[in-house]
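Thanks for making room on the agenda. I have one structure to go through, and I will keep to its architecture.

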Amino acid sequence: MTHRDVLISGAGLAGPALAHQLHRHGFRPTVVERAPALRDGGYKVDIRGAATEVLKQMGLFTAVRAVDTGMRHVTYVRRDGRRIARLDADLLMGRRGDDLEVMRTDLTRILYDATATDVEYVFGDAIATMTDGPDGVDVTFASGATRRFALVVGADGLHSATRRLALGEVPLRHLGAHIAIFDVPDELGLDREEVFYTEPGRMVFAYSTGPTAPAKVGMVFASDDPSLGREVLADRFAGLGWQVPRFLELLRDADDVYFDALSQVALPRYSAGRVVLLGDAAHCPSPAAGQGTSMALVGAYLLAGELAGAAGEHRAAFDRYEARLRPYAERNLAFGVKMAGDMVPGGRLSLAVRHYGMRTLKYNPFARQIVEKVTRPLHELANAIELPSYPMASVG
């Protein structure tokens with residue numbers, strides 16, 4: 001073992017992105033993933049601002065751009081299915097320049113394919129215990145195998161087991177809502193279109209990235225109890241209109257359902273000893289922020305670069321990584337809190353005002369300027385960090 005042997009827990013987005021960067025800097029990363037294979041599924045994610053620059057530096061921007069969802073329309077409907085408004089997706093979502101929107105599973109596959117030849121992946125296993133010592137971290141895996149690494153990186157998401165082993169139990173910041181996402185047959189015939197239906201305290205959306213792709217359905221509802229399980233969905237969405245009864249029927253037989261409280265991770269420190277956290281494990285802003293993927297890519301770039309320049313002094317590298325990343329992360333966490341409140345509408349008056357705005361926007365001669373003003377904070381946040389230039393090692 002040398003100071004360049006690094007164990008990364010998690011083969012989602014942050015882990016393979018870091019492995020890619022570390023290998024290019026001359027490290028020997030190993031990625032361990034609890035799932036038996038690369039995870040499929042997931043929803044569409046945004047890559048904005050500084051994160052697109054990271055993809056370019058990685059040499060992956062063209063490949064990721066090739067799988068952009070190409071969403072064309074965002075539609076709002078009433079409970080009887082009648083259209084309230086249909087708007088241009090790029091306009092409403094405020095995309096600019098090289099901003100991308102891709103399916104999470106496509107981005108995961110690109111990152112994995114770019115690293116699989118040079119990086120050791122261990123699927124179907126997980127860290128069981130860690131002993132952090134002066135010369136390295138002794139790791140025992142769930143399989144019973146034992147190995148020593150110079151450093152361990154927890155890139156295993158919101159409910160990070162690595163974080164729990166290194167820092168103990170860390171309470172999550174509940175944002176007052178839950179979200180469920182699952183696949184259904186595209187019975188609506190959606191083609192690069194996303195449809196929203198809202199009632200006070202509840203929102204339902206469905207989208208498809210093409211005529212042959214399955215549809216993704218999302219259900220969001222206000223809740224004060226972060227411990228709720230998916231069994232409450234039928235009750236919380238009972239009596240709603242549009243396609244909700246059909247979605248609830250399909251949900252009963254859905255195999256891969258993502259269900260969780262909208263929550264954030266806010267840590268006083270991203271590292272302890274030889275263990276450091278990355279992505280959602282360190283600073284999850286919640287899906288409401290739309291910035292989690294971008295933050296993970298930026299964090300991977302910074303962590304690898306700082307480790308490369310530290311000549312084995314991991315403590316100094318961790319400190320510089322956190323000092324560069326934390327202001328950017330904190331601003332995005334604050335934005336996530338605001339957006340979580342906006343995702344779930346309040347009373348019928350606020351809902352009526354929202355629908356009126358959507359219905360009249362396409363006829364407003366200043367529509368682009370209005371959307372620009374509304375989405376400006378997101379773009380400022382996406383670019384609220386200056387990426388340093390790190391020398392790259394020569395690797396075979």
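I will take the two sheets, then the helices, then one pocket. Keep in mind that this is a predicted model.

Start with the sheet of seven strands. This sheet is open, its pairing is mixed, and the strand order is 5-4-13-14-15-12-16. Strand 5, residues 83–88, and strand 16, residues 258–264, are at the edges; each has a single partner strand, so one side of each has no neighbour in the sheet. From one strand to the next, the twist averages 20 degrees.

Strand 12 is worth following through this sheet. What are the partners of A180? In strand 15, A180 has M219 as its bridge partner, and in strand 16 A180 stands opposite F259. Taking the two pairings in turn, strand 12, residues 173–184, runs antiparallel to strand 15, residues 215–222, and eight bridges join them. F182 also bridges to strand 15, where its partner is V217. With strand 16, strand 12 makes six bridges, again in the antiparallel sense. As a general reminder, strands of a sheet pair through backbone hydrogen bonds, parallel or antiparallel.

A helix packs on this sheet as well. Helix 12, residues 348–361, lies across strand 4 (73–77), strand 5 and strand 13 (193–199). The angle between helix 12 and strand 5 is about 50 degrees.

Now the other sheet. This one is open too, with six strands in the order 7-2-1-11-18-17 and mixed pairing. Its edge strands are strand 7, at 120–123, and strand 17, at 271–272, and each of them pairs on one side only. Inside the order, strand 1 (residues 5–9) and strand 11 (residues 151–154) are parallel, with four bridges between them. L7 is placed opposite V152 of strand 11.

Next, a helix pair. Two packed helices are described by the angle and the distance between their axes. For helix 1, residues 14–24, and helix 10, residues 292–308, the axes come within 9 Å and cross at roughly 35 degrees. The crossing is right-handed. Which residues make the contact? From helix 1 they are A14, A17, L18, Q21 and L22, and they meet A296, L297, A300, Y301, L303, A304 and L307 of helix 10. By class, that contact has 11 nonpolar residues, one polar and no charged ones.

Last, empty space. The second largest pocket has a volume of about 150 Å³. What lines the second largest pocket? The residues are G41, M103, T105, D183, Y207, S208, T209, A213, P214 and K216. Sorted by class, this lining has four nonpolar, four polar and two charged residues. Two of the lining residues, D183 and K216, fall in strands already discussed: strand 12 covers residues 173–184 and strand 15 covers residues 215–222.

That is the end of the tour.

How values were computed:
Residues are numbered from 1 along each chain as its sequence is written. This is a predicted model: local features need pLDDT of at least 70, side-chain atom pairs count only at pLDDT 80 or more; totals for chains, interfaces and linings use all residues. Side-chain values use heavy atoms; hydrogens and water are left out. Two strands pair if DSSP finds at least two bridges between them. Axes are lines fitted to C-alpha atoms, for helices over the stretch in contact, and angles run from 0 to 180 degrees between N-to-C directions. Contact means heavy atoms within 4.5 Å. A crossing is left-handed if the near helix is turned anticlockwise from the far one by less than a right angle, and right-handed if clockwise. Ala, Val, Leu, Ile, Met, Phe, Trp, Tyr, Cys and Pro count as nonpolar, Asp, Glu, Lys and Arg as charged, and the others, Gly among them, as polar. On a 1 Å grid over the protein atoms alone, a cavity is a set of points where a 1.4 Å probe fits but cannot get out, and a pocket is an open set with protein on both sides within 12 Å along at least five of seven lines; lining residues have an atom within 4 Å of a point. Grid points are joined across faces, edges and corners, and a volume is the space filled by probe spheres set on the points.
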